[in-house]
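Me: I'm new to reading protein structures. Could you walk me through this one, question by question?

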Amino acid sequence: MHEPPHWRDRAQNERLEAQECGDCGYVSFPERREICKRCGARPDWTDVQLQPRGTVQSYVVQNRLPDEFETPLPLGVIDLPQEGDGEPARVYGLFTETDPDEVSVGMTVEADLRELFDVSGLPVHSFKFKRPRGDRL
Amino acid sequence: MVRIRGWGSYLPLYRIERTAIADQHGGYAGGGEVAVPAHDEGVVGLGVSAAENALEHAGVDGADLDAVYAASTSDPFDERGIAPHVAVAVDAEGPVRVTDCQGSARAATNAVLAARDTVDAGRAETVLVVGTDARRADAGTAEEQTAGAGAGALVLGTDGDAGAIESAATNTTGFVGRFQRAGESPLPGDGRFNRARYVEAVTGAIATLDVSPDHAALPAPDGGWGDRALSAAEIDAEVHSTFDAVGDAGAASVLIDAAYALETASPGDTLLLATFGPGGSDAVELSRGEAATPEMDVADYLDSKEYVTYAKHRAYREEGGEA
């Protein structure tokens with residue numbers, strides 16, 4: 001029984017779909033909640049689409065991780081704007097293909113669908129962040 | 001006529017020079033380099049990146065797709081598929097036909113022609129075709145120096161100003177040549193013999209088309225084969241190849257090279273694509289429309305790169321190849 005939790009999260013994991021609180025405008029990602037984490041209401045939630053480019057708000061560089069991770073590995077808190085109006089979602093995400101020395105608060109990052117881990121050999125894909133390819137030209 | 005609404009490509013960031021591979025094992029070093037998938041980058045992720053670029057170029061929402069075709073020679077799974085996962089990731093869910101074409105680098109044109117026929121038959125208005133590969137090759141084999149990775153995609157439809165599929169021909173020979181058992185390293189066979197069969201198969205496909213293209217993309221398992229086929233077919237066209245920078249990316253190569261050619265071509269130019277793999281060859285004639293090129297084109301992906309060591313390239317290739 002390896003699939004149920006990842007199957008239910010595919011819209012968030014693979015398409016950056018988030019939910020917006022109808023009362024206060026808070027954008028929840030990736031959790032699909034009943035009660036708004038910010039205003040405590042039980043609102044009507046609207047599905048919103050996040051953009052694949054955002055801004056680093058904060059980050060840490062992890063140096064001691066299990067063997068399957070490539071270290072040093074930056075982990076960032078990224079603000080991803082919605083398509084259209086509304087607040088951005090504040091998202092936690094791993095980096096990939098990015099030297100920790102290249103990461104800074106305020107930098108623009110791009111989300112790419114990558115293998116996050118596997119369950120019994122079945123890859124589970126989700127977004128990781130990286131320095132945009134166009135910035136390397 | 002079936003139109004091209006948009007195209008897109010994606011190449012991994014990492015590269016290794018063929019001399020760096022030869023230095024590890026001795027022997028002959030081919031010129032150029034190959035693209036190496038990252039440790040977390042497999043055929044699904046590569047395909048999704050190219051698909052997103054193509055959909056953006058076409059101005060099409062994934063939710064409006066009627067069908068998704070995926071072609072690959074390096075799917076690590078016998079049972080899972082690639083097409084449905086690319087489809088879902090670009091928001092094409094529900095009544096969306098999905099088809100995986102595999103078993104030969106020619107699978108890319110199997111997919112393109114199946115997609116064309118679906119649109120032509122009125123069964124679909126907008127379809128996505130993706131070729132995605134992360135070729136496997138054991139350490140120390142000659143194929144390690146040519147095993148590339150990347151993805152290319154086309155959005156086809158009943159309208160579109162990026163281009164059109166003008167004509168196509170196919171030449172099924174049953175010849176195998178290079179082959180690869182599931183999960184193992186490829187066995188190349190006799191290079192000269194295979195190259196002669198390649199030229200026969202490709203010229204046989206081209207011969208039934210009455211074309212004098214301005215541009216050509218004829219990817220093959222080794223460099224220079226396409227030039228020989230064009231010369232044998234007496235076609236004088238500008239050849240576009242990523243072999244020296246990416247390597248042989250299997251079923252992805254023809255769609256990457258097609259994108260490269262479309263990005264160089266002028267409106268009104270014609271392009272000849274030809275594929276080859278176990279089973280035979282397909283030739284497809286495209287025309288270039290008025291649309292501008294994608295935001296990130298093949299040249300951008302070729303230029304934005306980072307070299308990795310031999311050891312890292314081995315680890316990345318093996319881990320990425322499992323995804």
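Reply: Sure. One term to begin with: a nonpolar core is a set of buried Ala, Val, Leu, Ile, Met, Phe, Trp, Tyr and Cys residues joined through C-beta atoms within 7 Å. Keep in mind that this is a predicted model.

Me: Okay, so how many residues does the largest nonpolar core have?

Reply: The residues with the most contacts inside this core are V68(B), Y69(B), V86(B), V129(B) and A153(B). The element that gives the largest share is α2(B), with nine residues. As for the core's total, the number of residues is 125.

Me: Take V129(B): which residues does it touch, leaving out those up to four places away in sequence?

Reply: V129(B) is one of the residues with the most contacts inside the core, and so are two residues on its contact list, Y69(B) and A153(B). With residues up to four places away in sequence not counted, V129(B) touches Y69(B), A111(B), V112(B), A115(B), A153(B), L154(B) and L156(B).

Me: What is the strand order in the open sheet of chain B?

Reply: This sheet has 10 strands, and the pairing is mixed. Its two edge strands are β5 and β10 of chain B, each with a single partner strand, so one side of each is left without a neighbour in the sheet. Read across, the order is β5-β4-β6-β7-β1-β8-β12-β11-β9-β10.

Me: And what is the bridge partner of A70(B) in β6(B)?

Reply: Strand β4 of chain B covers residues 67–72, and strand β6 of chain B covers residues 126–134. The two pair in the parallel sense over five bridges. In β6(B), the partner of A70(B) is V130(B).

Me: What angle does α2(B) make with β1(B)?

Reply: Helix α2(B) packs on the sheet, where it touches β1, β4, β6 and β7 of chain B. The direction of α2(B) compared with that of β1(B) gives an angle of about 135°.

Me: How about helix α5 of chain B, at what angle to β12(B) does it run?

Reply: Helix α5 of chain B takes in residues 191–207. It lies across β8, β11 and β12 of chain B. Its angle to β12(B) is about 45°.

Me: Let's go to the other chain. How many helices and strands does chain A have?

Reply: Along the sequence, the pattern of chain A is α-α-β-β-β-β-β-β-β-β. Counting up that string gives two helices and eight strands.

Me: What is the radius of gyration of chain A, and does it agree or disagree with a compact globule?

Reply: The C-alpha trace of chain A spans about 40 × 40 × 25 Å along its principal axes. For 137 residues, a compact globule would come out near 14 Å. Chain A agrees with that, at 16 Å.

Me: How many residues of β8(A) are buried?

Reply: Across chain A, 31% of the 137 residues count as buried. Strand β8(A) is mostly covered. Of its nine residues, the buried ones number seven.

Me: Which residue in the turn between β7(A) and β8(A) has a positive phi?

Reply: These two strands pair in the antiparallel sense over nine bridges, with E115(A) bridging to H125(A) in β8(A). They form a hairpin with two residues between them. The residue in the turn with a positive phi, about 55°, is S120(A).

Me: Is S120(A) buried or exposed?

Reply: A residue counts as exposed if 12 or fewer other C-beta atoms lie within 10 Å of its own. S120(A) has 7 within that distance, so it is exposed.

Me: Which residue is joined to P72(A) by a cis peptide bond?

Reply: Most peptide bonds are trans. P72(A) is found in the loop between β4 and β5 of chain A, and the bond leading to it is cis, with omega near -5°. Its partner in that bond is T71(A).

Me: Last one: which element gives the largest share of the side of chain B that touches chain A?

Reply: There, 19 residues of chain B are in contact with 17 residues of chain A. On the chain B side, α2, α3 and α9 each give two or more residues. The largest share, four residues, comes from α2(B).

Key
Residues are numbered from 1 along each chain as its sequence is written. Chains are lettered from A and ligands numbered from 1 in the order in which they are written. This is a predicted model: local features need pLDDT of at least 70, side-chain atom pairs count only at pLDDT 80 or more; totals for chains, interfaces and linings use all residues. Two residues are in contact if their C-beta atoms, placed from the backbone, lie within 7 Å. A residue is buried if 20 or more other C-beta atoms lie within 10 Å of its own, exposed if 12 or fewer, and partly exposed in between; C-beta atoms are placed from the backbone. The radius of gyration is taken over C-alpha atoms; the globule rule is 2.2 Å times the number of residues to the power 0.38. Two strands pair if DSSP finds at least two bridges between them. Axes are lines fitted to C-alpha atoms, for helices over the stretch in contact, and angles run from 0 to 180 degrees between N-to-C directions.
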